[in-house]
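Biologist: Could you take one part of this model and go through it closely, setting it in its surroundings as you go?

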Amino acid sequence: MTKPNKMHRLRLWAAYLIVSLILFGLIGRLAYIQVINNEFYLSKALSHQIRDIPLPALRGDILDRNGMKLAFSMSTFTVWARPADVDDPEAHGEALSTILDESAAGISARISNPESTLVRVAKGLTKSKADLVRNKGLKGVWVTESSKRVYPYGNFAAHIIGHSTEDGDGLSGIEQMLDEALSGLDGKIVSHTDAAGRTLPVGDEKVYEPEDGYNVVLTLDEVIQHFTEKAVDGGLKDFGAKRIMAVVMDPMTGEVLAMTTKPDYDPNTPRELTSFFTAEEIAAMDNDAMFQAWNQIWRNPIVSDTYEPGSTFKLLTAAAGLEEDKVSVNSTFNDKGYIIVNGVRINCLRSNNPHGLQTLTQGLENSCNPVFIEIGQRLGTETFFNYVEDFGFTEKTGILLPAEGNALVQAEERIGPVELATMSFGHGVSTTPIQVATAVSAIVNGGNLMQPLIVKSLSDDEGNVVESFEPKVRRQVISKETSDEMRKMMESVVLKGSGKKAYIPGIGVGGKTGTTEKLVDGRYSKDLAYASFVGFAPVDDPKVVVLVIVDEPKDINFGSVVAAPIAHNILLDTLRYMKVEPEILDAAKMVTVPDLTGKTFKQAQAILDASELLLNTVPIDLDDPEAIVQMQYPAAGEKIRQHSIVILSFDTTH
Amino acid sequence: MKNETQGIDYALLVVVMLLVFTGVMMVFSSSFYYAMAKWENKYLFLEKHLVWAGAGVVAMIFFSLIDYKLYRKIAFILFVLSFIFLGLLFTPLGKEVNGAVRWVDIGPLTFMPSEFAKMAAILYMAGFLENRQRKIHKFSSGLLPVLIIVGAYFVLIYKQPNLSNAITISGILMAMAFVAGVNIFQLMTLGAAGGVGIYAAILSSEWRARRFLTFLDPFKDTFGDGWQVIQSLYALGSGGLFGVGLGQSTLNKLYIPEPQNDFIFATVGEELGFVGSSLLILLFLFLIYRCIRIAMNAPDQYGMFLATGITAMLAIHTIINVAVVTSSMPVTGLQLPFISYGGNFLLMLMIAMGIMLNISKQSKSIQTKQRES
């Protein structure tokens with residue numbers, strides 16, 4: 001019996017060394033797979049094993065400043081069938097017929113069609129109907145839930161609210177601008193599955209609750225918006241214009257109280273083109289043309305497009321002249337009906353009958369071009385441009401609405417004497433309406449250029465404010481004294497000058513008209529024009545600034561004739577709503593407002609007639625006599641004058 | 001007699017029992033979902049495995065009591081028998097499974113001749129090497145006869161085809177020859193030649209070539225040959241440092257085919273993490289260390305060579321299995337000792353451990369005697 005010798009032991013140790021090295025190498029390999037690079041394998045593995053069932057977040061509401069719902073989401077239900085699984089189509093058809101309001105034969109034919117794998121039996125069902133279908137427990141038939149965006153007032157404030165797709169992606173307006181905040185975060189149920197796709201039991205399932213979207217509270221006041229739309233609709237009829245834009249702003253805070261462009265669209269049916277184009281035109285559209293048409297009707301021109309402000313721009317020139325002491329309210333000018341600038345003759349509008357000797361105030365009343373050309377010359381290009389900049393015409397206002405446009409202002413170094421002259425009275429410069437409203441607000445509010453606001457706050461579903469947008473002064477442009485002088489001069493324009501049609505007895509209204517011929521193919525057109533009016537009231541304590549722009553009015557082009565009356569109507573209703581009382585009280589009888597909530601449209605009308613009160617409805621074009629009054633303004637029991645308007649808002653979803 | 005029973009290597013016994021226990025646990029953890037899904041009995045593999053493991057423990061105890069020197073006398077008969085069994089595969093008794101004939105089917109009994117051959121070859125080779133100790137370093141009387149035996153086994157097993165076991169048996173016998181003292185230079189030359197041969201063997205068959213390429217880039221073929229390896233890597237990666245917990249693996253839920261077999265280490269890695277999988281490897285390393293110690297301290301050269309062969313079998317199985325599961329080498333079907341679901345290999349392994357215990361018992365008793373004298 002020979003025993004193992006030294007060589008054997010040595011070789012055994014060597015063998016063990018080799019085995020050890022290999023096994024430690026494999027441990028290293030394991031460390032690489034399991035610890036160092038495990039994310040790579042883990043994420044790949046999870047993509048195979050994990051199944052997500054989405055839990056969609058509820059999209060937030062859009063509300064006016066008083067909490068009125070302008071857009072909300074609601075659940076809607078769809079009934080599906082898989083013909084392969086439907087065992088008895090006749091019985092199914094019979095069972096569904098009454099619930100879905102369709103003939104039993106029709107349903108059974110559709111759900112037994114062997115050519116389709118999946119049939120949408122019905123959509124847009126209410127929860128109660130969906131429950132009825134569910135309770136039938138039909139084989140091969142099931143119900144899914146989805147949400148639908150509802151704009152209860154149709155066209156109302158359409159360009160501001162915007163609209164979203166069926167999947168809840170904001171496409172325009174606030175829906176687009178604040179899409180992220182409105183959308184919230186979708187939740188999901190994550191479960192592991194085996195290789196056959198079955199959910200694995202015990203503890204593997206994770207539920208991530210959805211975070212519902214925030215509600216957006218607009219600065220918009222539903223009542224003022226309503227007045228504005230009514231006035232604009234009226235103007236559209238009266239003047240046969242192509243379109244009319246109007247903005248109502250609180251000059252002290254920069255909050256937009258109303259903003260409308262008519263004609264507008266119904267966000268419930270945003271792709272409906274029939275009210276803008278003829279059937280032949282629509283039929284002739286290809287895909288691109290269709291998209292172009294949609295973008296055109298969805299676009300908010302008050303923020304996205306520019307127009308020539310014309311004479312309303314003279315306010316800037318006058319304010320700059322006063323602020324720089326180049327002119328005073330009572331400085332006199334002698335108008336010959338024209339002025340020669342650098343050898344070019346520039347006419348006043350009334351060149352055949354010159355204004356003659358006039359003060360600055362009178363020059364503004366008359367909207368006399370040579371006066372402002374002279375002020376522009378006294379200021380000089382550099383100073384004038386400083387004011388163009390300071391009043392915010394070279395930058396976007398930053399309002400929370402999509403696709404804000406830039407003003408078209410020529411570069412300072414390209415401005416010669418003639419260009420300076422024409423700019424002084426508002427020609428050769430293009431601005432967005434929102435810029436003009438913001439700049440005029442600065443002129444009348446004591447000189448502060450405000451950040452225009454459309455959104456007041458974001459709040460969660462419990463009503464807690466998560467973000468609020470406070471009024472913000474961008475900069476002081478003119479002094480308070482200059483602002484005071486400007487307000488007085490603008491009041492004079494309404495009392496004595498071109499703005500007479502905006503006059504409201506007993507309330508100081510200030511304003512300025514503007515008329516510009518449109519540039520068509522690079523030339524000013526004789527027939528096509530923008531007629532505009534910008535006004536504010538009351539003069540001593542401005543509460544609202546109103547800008548009305550009438551695009552291509554028929555026959556009469558003057559802002560004084562076309563735009564001022566619309567602004568007048570808006571101001572009249574709005575100031576009354578804001579309880580700005582005229583100073584001279586007439587002897588009119590006061591009446592007590594009756595309680596109308598819960599009454600039908602017809603009943604309310606009769607009661608108001610008896611009290612000699614007028615009425616306005618929200619929505620404007622309500623024609624359902626059985627609609628129920630939901631809210632009223634003023635509240636029941638308040639004393640108001642005879643022939644005042646009571647605003648009733650109706651529930652149209654009954 | 002009292003001294004002799006105290007003499008067995010208890011460390012070896014404890015590690016083996018620990019591994020057997022781990023195996024029972026892992027077989028159940030990895031197979032219950034698969035067994036439930038396919039046979040609606042989640043205990044199916046656990047029950048069968050417990051039978052194999054129980055039989056294995058009994059066999060280990062039984063063989064630990066049998067003097068290993070006895071095998072020397074019957075080794076030649078076993079050696080001849082192993083060739084007869086391997087030959088049976090080429091008769092109608094051979095049972096075809098998945099395109100390979102690896103099982104002999106005799107009435108109620110099916111067994112794998114290659115598993116039997118592994119053990120028979122070790123038993124025979126140990127004696128063969130002891131007899132040739134003095135002329136082992138000479139090629140004609142040392143390495144050449146060894147090569148003839150290796151070659152005979154290799155060809156017969158390779159023809160089944162069962163390349164992995166053919167390589168394993170060759171590896172075991174060559175490891176024994178190495179320890180016995182064959183010329184290192186000759187061995188290295190042979191190793192180089194063997195490498196070329198294996199390479200040629202791989203390329204000779206299309207499916208083997210495909211399997212080989214799969215190992216180089218398993219993600220190239222996610223639904224074909226790469227499937228098992230990828231699922232195995234997913235499992236290991238999902239386990240991370242500490243694992244997802246016993247019974248919590250996802251990848252053994254029908255992703256890895258037959259998760260209780262050759263790829264059971266993937267479930268170990270997923271459920272017990274890097275900590276668990278590396279600890280298991282260290283446990284094997286310790287087991288191999290004990291076996292090497294037993295070989296060194298064997299009372300005679302036959303015992304030493306026998307222990308060397310068994311140790312080599314253990315080491316080669318462990319290395320190849322872990323290497324396959326970690327995609328460090330091409331996929332070949334080899335079980336992980338003690339852990340993979342039962343069968344002939346587990347039983348044979350337990351018998352081998354019984355023999356190791358017997359060798360350790362005798363060496364200890366000799367040492368004790370030496371100390372006493």
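**A close look at the three-stranded sheet and what surrounds it**

Modeller: Of the 373 residues of chain B, 51% count as buried, and this chain holds 13 helices and three strands; the model is a predicted one, and the part I would look at closely lies in chain A, where an open sheet of three strands has the order β23-β26-β24 with mixed pairing. The edge strands of that sheet are β23 (614-618) and β24 (628-633) of chain A, each of which pairs on one side only, and neighbouring strands are turned by 35° against each other on average when direction is ignored. Between β23(A) and β26 (residues 645-651) of chain A the pairing is parallel and consists of five bridges, and within it A:N616 has A:I647 of β26(A) as its bridge partner. Across β23, β24 and β26 of chain A lies helix α9 (residues 222-239) of chain A, which runs at about 105° to β23(A).

Turning to the nonpolar interior, the largest core has 131 residues, and those with the most contacts inside it are A:V216, A:A246 and A:V548. Leaving aside residues up to four places away in sequence, A:A246 touches A:T228, A:V232, A:T260, A:V546, A:L547, A:V548, A:I566 and A:I570. Apart from this core lies another, of 125 residues, which includes A:Y16, B:L129, B:I319 and B:A323.

As for the helices of chain A, the axes of α13 (residues 314-323) and α15 (residues 369-390) come within 9 Å and cross at roughly 85°, which means that α13(A) is roughly perpendicular to α15(A). Where these helices meet, α13(A) brings A:K314, A:L316, A:T317, A:A318, A:A320 and A:G321, while α15(A) brings A:F372, A:I375, A:G376, A:R378, A:L379, A:F384 and A:Y387; by class, this contact has eight nonpolar, three polar and two charged residues.

Finally, where the chains meet, 35 residues of chain A are in contact with 43 residues of chain B. On the side of chain A that touches chain B, α1 (6-36) and α2 (38-49) of chain A each supply at least two residues, with α1(A) giving the most, at 19 residues, and the residues of that side divide into 22 nonpolar, seven polar and six charged. Within chain B itself, 72% of the contacts between residues at least 6 apart in sequence join residues at least 24 apart.

Terms used:
Residues are numbered from 1 along each chain as its sequence is written. Chains are lettered from A and ligands numbered from 1 in the order in which they are written. This is a predicted model: local features need pLDDT of at least 70, side-chain atom pairs count only at pLDDT 80 or more; totals for chains, interfaces and linings use all residues. A nonpolar core is a set of buried Ala, Val, Leu, Ile, Met, Phe, Trp, Tyr and Cys residues joined through C-beta atoms within 7 Å. A residue is buried if 20 or more other C-beta atoms lie within 10 Å of its own, exposed if 12 or fewer, and partly exposed in between; C-beta atoms are placed from the backbone. Two residues are in contact if their C-beta atoms, placed from the backbone, lie within 7 Å. Axes are lines fitted to C-alpha atoms, for helices over the stretch in contact, and angles run from 0 to 180 degrees between N-to-C directions. Helices (H or I, at least four residues) and strands (E, at least two) are DSSP runs, numbered from the N terminus. Angles under 35 degrees count as roughly parallel, over 145 as roughly antiparallel, 65 to 115 as roughly perpendicular and the rest as oblique. Ala, Val, Leu, Ile, Met, Phe, Trp, Tyr, Cys and Pro count as nonpolar, Asp, Glu, Lys and Arg as charged, and the others, Gly among them, as polar. Two strands pair if DSSP finds at least two bridges between them.
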